[in-house]
Amino acid sequence: MKSYLLAVLLCASPLLAAEKAQPVERTLSIIKPDAVASGHIGEIIEYFEHDGLKIAAAKLVRLTPEQARDFYAEHKGRPFYNDLVNYMTSGPVLIQVLEGEDAVARNRRIMGPTNPADAQEGTIRHDFGTDIGHNAVHGSDSLNSAKKEISFFFKDSEIVKH
Ligand code: CMP
């Protein structure tokens, strides 16, 4: 009986391991002007690294109004669009490609919901955000958006392989 159970476990373990492994993905992250200005870049990066995300590319830039408008074009026409563009161009931002298992969803869990008021303690938006318009970080909302957003800011040659 014991050897039968052992055989079943040995046969099943590669399947169980395969189920647990998540695909390695890339996602785009922006540490926004408020979090950069208040000196929280280092702490925010720790949240990503402690949860298994690696930095595959990074640049500190001041977005032009045109870049901010294009990047957030899907929100054009919404009441907060102009404020969002003004805010995103108000100071430098740290733009990163983060890589890891299930990176898109993982980054969204680490950030917490868009509105810091809804975010749980220990998430970046709870810990560093002020309000929905000043929420410390942006992260891609799907794998498809991640691909578009990464290519908006980075050439393939600027992204390292770990
Ligand atoms: P982000 O993840 O960068 O994506 C779009 C941004 O628009 C979002 O974070 C918020 O900062 C901002 N945003 C979304 N909804 C609102 C809102 N109702 N009022 C103000 N800003 C908003």
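Me: How far from an oxygen atom of the ligand does a polar side-chain atom of Asn135 lie?

Reply: A polar contact is a pair of N or O atoms within 3.5 Å, and here a polar side-chain atom of Asn135 lies 3.2 Å from a ligand oxygen atom. This is a predicted model, in which local features need pLDDT of at least 70 and side-chain atom pairs count only at pLDDT 80 or more, while totals for chains, interfaces and linings use all residues. Residues are numbered from 1 along each chain as its sequence is written, and side-chain values use heavy atoms, with hydrogens and water left out.

Me: Which other residues have a polar atom listed beside a ligand oxygen atom?

Reply: Arg125 places a polar side-chain atom 3.1 Å from an oxygen atom of the ligand, whereas Ile132 uses a polar backbone atom, at 2.8 Å from a ligand oxygen. The protein covers 77% of the 460 Å² of accessible area (Shrake-Rupley method, 1.4 Å probe) that the ligand has on its own.

Me: Which residues are around the ligand, and how do they divide by character?

Reply: Counting residues with a heavy atom within 4 Å, one finds Lys32, Tyr72, His75, Phe80, Leu84, Thr114, Arg125, Ile132, Gly133, Asn135 and His138. This shell divides into four nonpolar, five polar (Gly is counted here) and two charged residues.

Me: Is Phe48 buried or exposed?

Reply: Buried means under 20% relative accessible area and exposed over 50%, with a 1.4 Å probe and protein chains only; Phe48 counts as buried because its relative accessibility is 1%. Phe48 belongs to helix α3, residues 41–50 (a DSSP run of H or I, at least four residues), and, although 62 residues from Ile110 in sequence, Phe48 is 7.1 Å from Ile110 in space, C-alpha to C-alpha.

Key
Polar contact = N/O pair within 3.5 Å; in protein donor to acceptor, adjacent residues only side chain to side chain. Helix = DSSP H or I, 4+ residues; strand = E, 2+ residues; numbered from the N terminus.
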